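Visitor: Hi, could you walk me through this one? I'd like to ask things as they come to mind.

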Amino acid sequence: MNQNLVISRDELLSRYQAGERNFAGYVPPRSLRNLDLSNIIFSGANLAEASLIDSKLCGAQLVGTNFVGAFLIQTDLSGADLTGANLDHAHLWGVNLRGAKLVDANLTRAQFGLSSVESYSNLTSADLRGSILADVRLGWVQIDPGYPRHLDCTGALLWNTTLPDGTFVAGPTYYQPSTHSGC
């Protein structure tokens, strides 16, 4: 079993380019900047404080991955499965989470944007059911108008959270679609 084996950036890229996708159980390098790792499997990986700036992880399997304090700036996570991922204090400026699955994910203090950065994160059709949204400002997210399923926050724990429509939820409150219009 490959459990907890350290893998270098060069070895990861070499094996990925050769067609390997399953790197679950490996300890990935801290810098994965400017890489296309679409459809990679990093479930359960520790990517705390890692730099994934300008990387592409479309359709990636990132179930239970630790992204505490990670830099996911301009990262494409569209269609990725982040079920149970820990994104506490993660920097999500301009991240593409369109169609991503964030069920039971921890987004406590996640940063979706800064007033000085005009870089919106796309959460169209993101699935945030049961996730934790504490001290999060969703004013810097983009949700495509007219999309059939905008953003599902059913059962999410909202606490000191600003929803995309500007509604502030002091919480703690479990979101129910009939109680708020913004999520």
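**Aromatic rings and beyond**

Visitor: Let me start with F42: buried or exposed?

Guide: F42 counts as buried, because its relative accessibility is 1%, below the 20% cut-off. Keep in mind as we go that this is a predicted model.

Visitor: Noted. How many aromatic pairs are there?

Guide: The count comes to two aromatic pairs. One of them joins F23 and F42, whose ring centres are 6.3 Å apart with 55° between the planes, so the pair is classed as tilted.

Visitor: Where do those two sit in the chain?

Guide: F23 is in the loop between α1 (9–17) and β2 (26–27), and F42 is in the loop between β2 and β3 (121–122). They are 19 residues apart, so the pair links distant parts of the chain.

Visitor: And is F23 buried or exposed?

Guide: F23 counts as buried, since its relative accessibility is 0%.

Visitor: Which residues form the aromatic cluster?

Guide: F23 and F42 form one cluster together with Y26.

Visitor: While we're on rings, what lies over the face of Y16?

Guide: That would be R21, placed 3.7 Å from the ring centre of Y16.

Visitor: Let me zoom out. What does the secondary structure come to?

Guide: The protein has one helix and 11 strands. Reading from the N terminus, you meet a strand, then the helix, and then strands for the rest of the element order.

Visitor: How much of the protein is buried?

Guide: Buried residues make up 50% of the 183 residues. The protein exposes about 8,100 Å², and carbon and sulfur atoms supply 50% of that area.

Visitor: What share of the contacts is between residues 24 or more positions apart?

Guide: Such pairs account for 26% of the contacts with a separation of 6 or more.

Visitor: Now a sheet. What is the order of the open one with three strands?

Guide: Its order is β5-β8-β11, and the pairing is mixed. The edge strands are β5 (132–134) and β11 (173–174), each pairing on one side only.

Visitor: In what sense do β8 and β11 pair?

Guide: Strand β8, residues 157–159, pairs with β11 in the antiparallel sense, over two bridges. Within β11, T173 stands opposite L158.

Visitor: What about the loop between β4 and β5: which residues should I look at there?

Guide: Try S131 and R129, both of which are placed in that loop, with β4 covering 126–127. S131 counts as buried because its relative accessibility is 0%, whereas R129 is partly exposed because its relative accessible area is 36%.

Visitor: What does the side chain of S131 have a polar atom 2.7 Å from?

Guide: The backbone oxygen of L128 is at that distance from the side-chain polar atom of S131. Leaving aside neighbours within four places in sequence, S131 is also in contact with L102, D104, A105, L107, A156 and L157.

Visitor: And what does R129 touch?

Guide: Not counting residues up to four places away, R129 touches L102, V103, D104, D152, C153 and T154. R129 and G155 are 5.6 Å apart, C-alpha to C-alpha, although 26 residues separate them in sequence.

Visitor: Different topic: which residues have a positive phi although they are not glycine?

Guide: Look at N39, with phi of about 65°, and D135, with phi of about 55°. Most residues other than glycine have a negative phi.

Visitor: Where are they, and how exposed?

Guide: N39 lies in the loop between β2 and β3 and counts as partly exposed, since its relative accessibility is 46%. D135 is found in the loop between β5 and β6 (141–142), and with 41% relative accessibility D135 also counts as partly exposed.

Visitor: Last one, T161. Which strand is T161 in, and what does its side chain reach?

Guide: T161 is in strand β9, residues 161–162, and its side chain reaches the backbone oxygen of L133 at 2.3 Å. T161 counts as buried because its relative accessibility is 0%.

Visitor: Which residues is T161 in contact with?

Guide: Apart from neighbours within four places in sequence, T161 is in contact with L133, A134, D135, V136, T167, F168 and V169. D135 in that list is the residue with the positive phi of about 55°.

Methods:
Residues are numbered from 1 along each chain as its sequence is written. This is a predicted model: local features need pLDDT of at least 70, side-chain atom pairs count only at pLDDT 80 or more; totals for chains, interfaces and linings use all residues. Side-chain values use heavy atoms; hydrogens and water are left out. Two strands pair if DSSP finds at least two bridges between them. Helices (H or I, at least four residues) and strands (E, at least two) are DSSP runs, numbered from the N terminus. Rings of Phe, Tyr and Trp (its six-membered ring) pair if their centres lie within 6.5 Å; planes under 30 degrees apart count as stacked, over 60 as edge-to-face and the rest as tilted. Buried means under 20% relative accessible area, exposed over 50%, partly exposed in between (1.4 Å probe, protein chains only). A charge sits over a ring if NZ of Lys or CZ of Arg is within 6 Å of the ring centre and within 35 degrees of the ring normal. A polar contact is a pair of N or O atoms within 3.5 Å; within protein, one must be able to donate a hydrogen and the other to accept it, and residues adjacent in sequence count only if both atoms are side-chain atoms. Contact means heavy atoms within 4.5 Å. Accessible areas come from the Shrake-Rupley method with a 1.4 Å probe; for residues, only the protein chains shown count as cover.
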